[in-house]
Amino acid sequence: MGKFVIKETKTGVKFDLKAGNGEVIATSEVYTSESACKKGINSVIANCKAEVEDQTVEGYEAKKNPKFEVYTDKAGEFRFRLKARNGQIIAVSEGYKAKKSCYNGIESVGKNAPDAPIVKV
């Protein structure tokens, strides 16, 4: 089972959603407070079953928020970002070499986030 791990940074607080095997599936921005960070976690839980907008396909169909956006970064790797209903980015992924792996990451967010406990380190 996955878990949300909250940790302090030099500039605030952030979370990682980790899969049962300990791999980081998605990470958040840095928040100014732990309560803001927990609101971000609740937003991920509320929006983790969103549709996917694949921006790597020419002429892709734009989806309404909330949504996962799949895109390629400057290094040519596939990444996703989860946007809340208000359009704010609430979680981002690592880079993946294969698009299928990126989609697996999105699927993993949907499987792990709803029941994931919150742990502070």
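## A buried aspartate and its partner

Asp54 is buried, with a relative accessible area of 12%. This is a predicted model, and every value here is computed from it. Lys99 forms a salt bridge with Asp54. The closest N and O atoms of the two are 2.9 Å apart. Lys99 lies in helix 2 (residues 99-112) and Asp54 in strand 4, so the pair ties together parts that are 45 residues apart in sequence.

Is Lys99 buried, partly exposed or exposed? Lys99 is partly exposed, with a relative accessible area of 27%. Side chains of opposite charge can pair when their charged atoms come close.

## Strand 5 and its neighbours

Strand 5 covers residues 67-72. Five of its six residues are buried, so the strand is largely enclosed by the rest of the structure. Strand 4 (residues 51-54) pairs with strand 5 in the parallel sense. Four bridges make up that pairing. In it, Val52 stands opposite Phe68 of strand 5.

How does strand 6 run against strand 5, parallel or antiparallel? Strand 6 (residues 78-83) and strand 5 run antiparallel, joined by six bridges. One bridge pairs Thr72 with Phe78 in strand 6. The two strands form a hairpin, with five residues between them. Gly76 sits in the turn and has a positive phi of about 85°. Most residues other than glycine have a negative phi, and most peptide bonds are trans.

## A cis bond before strand 5

Which two residues does a cis peptide bond join? They are Asn65 and Pro66, and omega is about 0°. Pro66 is in the loop between strand 4 and strand 5.

## Salt bridges

How many salt bridges does the whole structure hold? The search finds 14. One of them links Lys67 and Glu69, with the closest N and O atoms 3.5 Å apart. Salt bridges that share partners join Glu53, Lys67, Glu69, Arg81 and Lys83 into one network. Lys67 is buried, with a relative accessible area of 9%. Glu69 also counts as buried, at 3% relative accessibility.

Another salt bridge joins Lys38 to Glu34. Here the closest N and O atoms are 3.3 Å apart. Both residues lie in helix 1 (residues 34-47). They are four residues apart, about one turn of the helix. Lys38 counts as partly exposed, at 32% relative accessibility. Glu34 is partly exposed too, at 25%.

## Cysteines without disulfides

The structure holds zero disulfides. Why does Cys37 not bond to Cys48? The sulfur of Cys48 is the closest cysteine sulfur to that of Cys37, but the gap is 16 Å, so it is too far for a bond. A disulfide needs the two sulfur atoms within 2.5 Å. Cys48 is likewise in no disulfide. The nearest cysteine sulfur to Cys48 is that of Cys102, 16 Å away.

Cys37 is buried, with a relative accessible area of 0%. Cys48 is buried as well, at 3%.

## A buried lysine in strand 2

Lys14 is in strand 2 (residues 13-18). This lysine is buried, with a relative accessible area of 18%. The cut-off matters here: buried means under 20%.

Which side chains make polar contacts with the side chain of Lys14? One is that of Asp16, in a contact of 3.4 Å. Another is that of Thr27, at 3.0 Å. Leaving out residues up to four places away in sequence, Lys14 touches several others. Among them are Val5, Ile6, Lys7, Val30 and Cys37.

## Helix 2 and its cover

Helix 2 has 14 residues. At 1.5 Å a residue, the helix should span 20 Å. Its end C-alpha atoms are 20 Å apart, so the expected and modelled spans agree.

Which residues of helix 2 are buried? They are Cys102, Gly105, Ile106, Ser108, Val109, Gly110 and Asn112. What covers them includes strand 2, strand 3 (24-27) and helix 1. Strand 4, strand 5 and strand 6 also belong to that cover.

Definitions and conventions. Residues numbered from 1 in each chain as written. Predicted model: local features only at pLDDT ≥ 70, side-chain atom pairs only at ≥ 80, totals over all residues. Heavy atoms only, no water. Buried < 20%, exposed > 50% of the residue type's maximum accessible area, 1.4 Å probe, protein only. Pairing = 2+ DSSP bridges. Salt bridge = Lys/Arg side-chain N within 4 Å of Asp/Glu carboxyl O. Polar contact = N/O pair within 3.5 Å; in protein donor to acceptor, adjacent residues only side chain to side chain. Contact = heavy atoms within 4.5 Å. Expected span 1.5 Å × (residues − 1).
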